[in-house]
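Here is a friendly walk through one protein model, meant to be read with the viewer open. Please load the sequence and the coordinates, and let us see how the parts fit together.

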Amino acid sequence: MSDNGSTKTDLPSCGLGGVVDAELAILAEIDARFRDEIVRVESSSMPPYIKERLIQQLEARRSANRQPHVLRLAELYENLQMGRALSAKIESVDKALPCE
């Protein structure tokens with residue numbers, strides 16, 4: 001999170017910042033919706049055993065909804081790391097080449 005409270009990432013040179021930000025925004029929306037639904041269930045007059053069952057269902061749905069986005073973020077992170085490693089390798093090769 002940046003200083004101004006947004007979830008913008010600092011990935012300028014790799015071109016992934018916008019994609020990462022989009023995935024983070026989706027995860028934030030899923031979590032906000034989950035919290036709202038939990039509050040609604042907990043504040044209802046339903047019997048506790050029904051509340052428990054509904055909360056379990058909400059948790060399962062939240063997890064299923066988050067999974068593809070978490071996996072996508074992991075993939076993006078891996079791509080970023082490979083790009084950085086490749087850049088470092090290229091830089092070290094460039095430094096090792098004799099100057100003309």
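Let us begin with accessibility: a residue is buried under 20% relative accessible area, exposed over 50%, and partly exposed in between, using a 1.4 Å probe and protein chains only. By that rule Arg-61 is partly exposed, with a relative accessible area of 40%.

This is a predicted model, in which local features need pLDDT of at least 70 and side-chain atom pairs count only at pLDDT 80 or more, while totals for chains, interfaces and linings use all residues. Numbering runs from 1 along each chain as its sequence is written, and side-chain values use heavy atoms, with hydrogens and water left out.

**Overall picture**

The protein chain has two helices and zero strands. Here helices (H or I, at least four residues) and strands (E, at least two) are DSSP runs, numbered from the N terminus. Of the 100 residues in the protein chain, 20% are buried. The exposed surface of the protein chain is about 7600 Å², and carbon and sulfur atoms supply 57% of it; such areas come from the Shrake-Rupley method with a 1.4 Å probe, and for residues only the protein chains shown count as cover.

Contact means heavy atoms within 4.5 Å. Among contacts in the protein chain with a separation of 6 or more, 58% are between residues 24 or more positions apart.

**Salt bridges**

How many salt bridges does a search of the whole structure find? The search finds five, where a salt bridge is a side-chain nitrogen of Lys or Arg within 4 Å of a carboxyl oxygen of Asp or Glu. Three of these bridges are listed here, including the N to O distance for each.

| Salt bridge | Closest N to O distance |
|---|---|
| Arg-62 and Asp-31 | 2.9 Å |
| Arg-61 and Glu-37 | 2.6 Å |
| Arg-72 and Glu-75 | 3.0 Å |

Take the bridge between Arg-62 and Asp-31. Arg-62 lies in helix α2 (residues 48-96) and Asp-31 in helix α1 (residues 17-42), so this pair ties together parts that are 31 residues apart in sequence. Asp-31 counts as buried because its relative accessibility is 16%, whereas Arg-62, at 27%, counts as partly exposed.

The bridge between Arg-61 and Glu-37 also links distant parts of the chain, with Arg-61 in helix α2 and Glu-37 in helix α1, 24 residues apart. Glu-37 counts as buried at 15% relative accessibility.

The bridge between Arg-72 and Glu-75 sits within helix α2: these residues are three apart there, so about one helical turn separates them. Both ends count as partly exposed, Arg-72 at 28% relative accessibility and Glu-75 at 40%. Elsewhere, Asp-31, Arg-62 and Arg-66 are joined into one network by salt bridges that share partners.

**The nonpolar core**

Which residues make up the largest nonpolar core? The five are Phe-34, Ile-38, Val-41, Ile-55 and Leu-58. A nonpolar core is a set of buried Ala, Val, Leu, Ile, Met, Phe, Trp, Tyr and Cys residues joined through side-chain atoms within 4.5 Å. Helices α1 and α2 each supply at least two residues of this core, and α1 gives the most, with three. Ile-38 touches Ile-55 and Leu-58, leaving out residues up to four places away in sequence.

Phe-34 also has a charged neighbour: Arg-62 lies over the face of its ring, 5.1 Å from the ring centre. A charge sits over a ring if NZ of Lys or CZ of Arg is within 6 Å of the ring centre and within 35 degrees of the ring normal.

**Other places where the helices meet**

His-69 is found in helix α2. Is His-69 buried or exposed? His-69 counts as buried, at 18% relative accessibility. Beyond its neighbours within four places in sequence, His-69 is in contact with Glu-23, Ile-26, Leu-27 and Ile-30. Ala-22 belongs to helix α1 and is partly exposed at 37% relative accessibility. The C-alpha atoms of Ala-22 and His-69 are separated by 9.6 Å, although the two residues are 47 apart along the chain.

Val-19, also placed in helix α1, is partly exposed at 32% relative accessibility. Not counting residues up to four places away in sequence, Val-19 touches Arg-72 and Leu-76. The C-alpha atoms of Val-19 and Leu-76 are separated by 8.4 Å, with their positions 57 residues apart along the chain.
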